Amino acid sequence: MKTTLLLVEDDAEVRAVMSELLALDGIVAVEASNGAEAWDILNAGKEEERPRLVLSDIAMPKMNGFQLLDKIRSDPRFEHLPVVLTSGNSDRAKAELEAGATTFEPDAFFAKPFDFTKLAEAIRTLISPSA
C-alpha cells in the first residue's frame, strides 16, 4: 500500500514537480493549491483515507501554511498529523515563526530550494510507525 500525503503549494509548476518526485519515492500526493482547499480535503475524507502527512508551502492565498498548521493542530482529529512547512523566503518565515505567526511548531521546515533527498527522508521518518 502506498503512502499518501497532502501537498499544499500555490505554484502549479512546483506542485507538479514535487508530486512527480514524491511518486518516484513511492508516495502519492493529494494536491491542494492553498490552505483552505487543503482544509476542505482533510475534512472531506474518511479517517482511513486521510493523508499521513501534510507538506505545505507557507506563503499562499486564502489560507497560508501557518494558518493551516494552526487549524490542524487545534482539531483533535488531526492534532497528531505531521506537518512539514516549506518557504522560498526562509529568513522571513523564521522571523514570522519567532514573532508568533503560528501557535504551533511544524514537525519540520525546509527552505526552498531544498534537497529533495533530505525532504523525502524527513517524510519517511515522520510517517514511520515508530514516529
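Visitor: Let's start with Arg73. Is Arg73 buried or exposed?
Guide: The scale goes like this: buried means under 20% relative accessible area, exposed over 50%, and partly exposed in between (1.4 Å probe, protein chains only). Arg73 comes out at 12% relative accessibility, so it counts as buried. Keep in mind that this is a predicted model, where local features need pLDDT of at least 70, side-chain atom pairs count only at pLDDT 80 or more, and totals for chains, interfaces and linings use all residues. Residues are numbered from 1 along each chain as its sequence is written, while side-chain values use heavy atoms, leaving out hydrogens and water.

Visitor: Which residues does Arg73 touch?
Guide: Contact means heavy atoms within 4.5 Å. Setting aside residues up to four places away in sequence, Arg73 touches Phe78, Glu79, Leu81, Pro82, Val83, Phe104, Glu105 and Asp107.

Visitor: What does Asp107 form with Arg73?
Guide: A salt bridge, that is, a side-chain nitrogen of Lys or Arg within 4 Å of a carboxyl oxygen of Asp or Glu. Between Asp107 and Arg73 the closest N and O atoms are 2.5 Å apart. Asp107 sits in the loop between helix 4 (90-98) and strand 5, and Arg73 in helix 3, 34 residues apart, so the pair links distant parts of the chain. Helices (H or I, at least four residues) and strands (E, at least two) are DSSP runs, numbered from the N terminus. Asp107 itself is partly exposed, at 40%.

Visitor: How many salt bridges does a search of the whole structure find?
Guide: Six. One of them joins Asp25 and Arg124, with the closest N and O atoms 2.5 Å apart. Here Asp25 lies in the loop between helix 1 and strand 2, and Arg124 in helix 5 (residues 116-127), 99 residues apart. Both ends are partly exposed: Asp25 has a relative accessible area of 32%, Arg124 one of 41%. Elsewhere, Glu9, Asp57 and Lys112 are linked in a salt-bridge network.

Visitor: On to the sheet. What order do the strands have?
Guide: Strands of a sheet pair through backbone hydrogen bonds, either parallel or antiparallel. For two strands to count as paired, DSSP has to find at least two bridges between them. This one is an open sheet of five strands in the order 2-1-3-4-5, with parallel pairing. Strand 2 (27-32) and strand 5 (108-111) are at the edges with a single partner strand each, so one side of each has no neighbour in the sheet. From one strand to the next, the twist averages 20°. Strand 4 (residues 83-87) pairs with strand 5 over four bridges, and Leu85 stands opposite Phe109 there.

Visitor: Where does helix 3 lie?
Guide: For angles, axes are lines fitted to C-alpha atoms, for helices over the stretch in contact, and values run from 0 to 180 degrees between N-to-C directions. Helix 3 (residues 65-74) lies across strand 1, strand 3 and strand 4, at about 170° to strand 4.

Visitor: And Val84, buried or exposed?
Guide: Buried, with a relative accessible area of 0%. Val84 lies in strand 4, and its contacts beyond four places in sequence include Leu53, Ala108, Phe110 and Leu126. The C-alpha atoms of Val84 and Ala122 are 8.8 Å apart, though the two are 38 residues apart along the chain.

Visitor: For contrast, is Leu24 buried or exposed?
Guide: Exposed, at 73%. Leu24 is found in helix 1 (residues 12-24).
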